[in-house]
Amino acid sequence: MSQYWSKLVHDLDPYVPGEQPKDQRYVKLNTNECPYPPSPNALAAIHAAADERLRLYPDPNADELKDAIADYYSVERANIFAGNGSDEVLAHVFCGLLKHDAPLLYPDISYSFYPVYANLYQIEAKQIPLRDDFSLNLNDFSGKNGGIIFPNPNAPTSMAVGLDVIEALLQANRDSVVVVDEAYVDFGAQTAIPLIAKYPNLLVVQTFSKSRSLAGLRVGFAVGHPDLINALERVKNSFNSYPLGRMAIAGAAAAMRDKEYFASTCQQIIATREMTVQKLTELGFSVLPSAANFVFARPPAGNAEALYLALKQRGVLVRYFNKLRINEYLRITIGTDDEMNTFLQILAEL
Ligand SMILES: Cc1ncc(COP(=O)(O)O)c(C=O)c1O
């Protein structure tokens, strides 16, 4: 607190990211990173971009990256917006598309950055409760609103909804923007990107941080009607015209083009997840049905916080949220088979 702070800064309630510890080596299952390295093609492209051209500004439009994404999803470059991680893309979405006279709707249990952006941009928001089993009931997202946002699969619950329910929502809600945050879609849900051709109010946001193993490069993107993309470009060009450096553009584009490597790491994570779910269930945990690269699980005694601390002491980091409704659950990122076996063995001992 300081007299030099603006009122806005006084009133902020910033997001707290999961720990990135520097004190010791942990089995790190707390921030939903991918346990496998990025595509070798992405690393080669990053190295190749690190040359004397770094003295020049990068392409402000990141066209090479937009073209790789457009090609992958069979859409046009004009349908793509790219930013410095999907968090930055989401920030521009809140500022440019979700601030209106009616309240923004999002689930009560969801990505904890949404209330932070709503507060930062002074957007009135209404939280819509998930059902008792933590499933998302999109029928409840009705009535006048200034926009709707939800992750699919949801975080931290890991549960996905089908495209049929998303399409029903879009049909019932044509007057405001519907944002589907697909940070985890590649691990078992269906992307809503094909629906953008039919619904000019649909925006899909994705990231390179999870399924493409590039959390450290900071690249995210949005796909939607050019009018929505144009709004994001206007915000971006009023904030930072060069959100992506040369290495980020080259590396992310190469990762997008390497479909084979991407498919093999996603498949491996899904297989490890199924093994983990089975073993956790055998240990008495209740595990929500996961379509993500993490699971959300309740220990048999509901003592999630104590277990989080005990695991940390034994060198395993998972994520615990001290929040009503979910304070008896742990969010566990899927690592390699070896990491998960270490985690499961320590868990069994505890
Ligand atoms: C639901 C959801 N959306 C977006 C993000 C942001 O990802 P990034 O900024 O790394 O692209 C995350 C990160 O954990 C997330 O869980």
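V295 stands opposite I332 in strand β13. Let me start there and work outwards. Strand β10 covers residues 294-298, and strand β13 covers residues 330-333. Four bridges join them, and the two strands run antiparallel. Keep in mind that this is a predicted model.

Now the sheet around that pair. Four strands form an open sheet, in the order β9-β10-β13-β12, with antiparallel pairing. Which strands stand at the edges? They are β9, residues 286-287, and β12, residues 319-320. Each has a single partner strand, so one side of each is left without a neighbour in the sheet. A quick reminder on how this works in general. Strands of a sheet pair through backbone hydrogen bonds, either parallel or antiparallel.

How far can we trust the model? The mean pLDDT of the protein chain is 96. And 100% of its residues reach 70 or more. Confidence is lowest in helix α1, residues 7-10, at a mean of 92. It is highest in β8, at 99.

Next, strand β7. Is β7 enclosed or open? Six of its six residues are buried, so β7 is largely enclosed by the rest of the structure. Look at the side chains. L202, V204 and Q206 point one way. L203, V205 and T207 point the other way. That fits a general pattern: in a regular strand the side chains alternate between the two faces of the sheet.

β7 has partners, too. Strand β6, residues 178-181, joins β7 through four bridges, and these two run parallel. There, D181 has V205 as its bridge partner. With β8, β7 pairs in the antiparallel sense over five bridges. In that pairing, T207 is matched with G220.

Another parallel pair is β3 with β4. β3 is residues 104-107, and L104 and Y106 point one way from it, L105 and P107 the other. All four are buried. Strand β4, residues 125-128, pairs with β3 over four bridges. L105 stands opposite K126.

On to the ligand. Which residues are around it? Among them are D181 and T207, which we have just met in the strands. The list also includes G85, S86, D87, Y111, Y184, K210 and R218. Three side chains have a polar atom close to a ligand oxygen atom. For Y184, the distance is 2.7 Å. For K210, an N or O atom of the side chain is 2.9 Å away. For R218, the distance is 2.8 Å. Taken alone, the ligand exposes 400 Å², and the protein buries 92% of that.

Y184 leads us to N32. N32 is in the loop between β1, residues 27-28, and α2, residues 40-49. Is N32 buried or exposed? Its relative accessibility is 1%, so N32 counts as buried, since the cut-off for buried is under 20%. The side chain of N32 makes a polar contact with the side chain of Y184, at 3.0 Å. Leaving out residues up to four places away in sequence, N32 touches Y184, K210, N293, F294, R331 and T333.

Last stop: helix α3, residues 63-73. Its buried residues are L65, K66, A68, I69, A70 and Y73. What covers them? The cover includes β2, β7, β8, α7 and α8. So β7 and β8 come up again here. Just after α3, S74 takes a positive phi of about 50°. That is the tour.

Notes:
Residues are numbered from 1 along each chain as its sequence is written. This is a predicted model: local features need pLDDT of at least 70, side-chain atom pairs count only at pLDDT 80 or more; totals for chains, interfaces and linings use all residues. Side-chain values use heavy atoms; hydrogens and water are left out. Buried means under 20% relative accessible area, exposed over 50%, partly exposed in between (1.4 Å probe, protein chains only). Contact means heavy atoms within 4.5 Å. pLDDT is the predictor's confidence in each residue, from 0 to 100. A residue is near a molecule or strand if one of its heavy atoms lies within 4 Å of it. A polar contact is a pair of N or O atoms within 3.5 Å; within protein, one must be able to donate a hydrogen and the other to accept it, and residues adjacent in sequence count only if both atoms are side-chain atoms. Accessible areas come from the Shrake-Rupley method with a 1.4 Å probe; for residues, only the protein chains shown count as cover. Two strands pair if DSSP finds at least two bridges between them.
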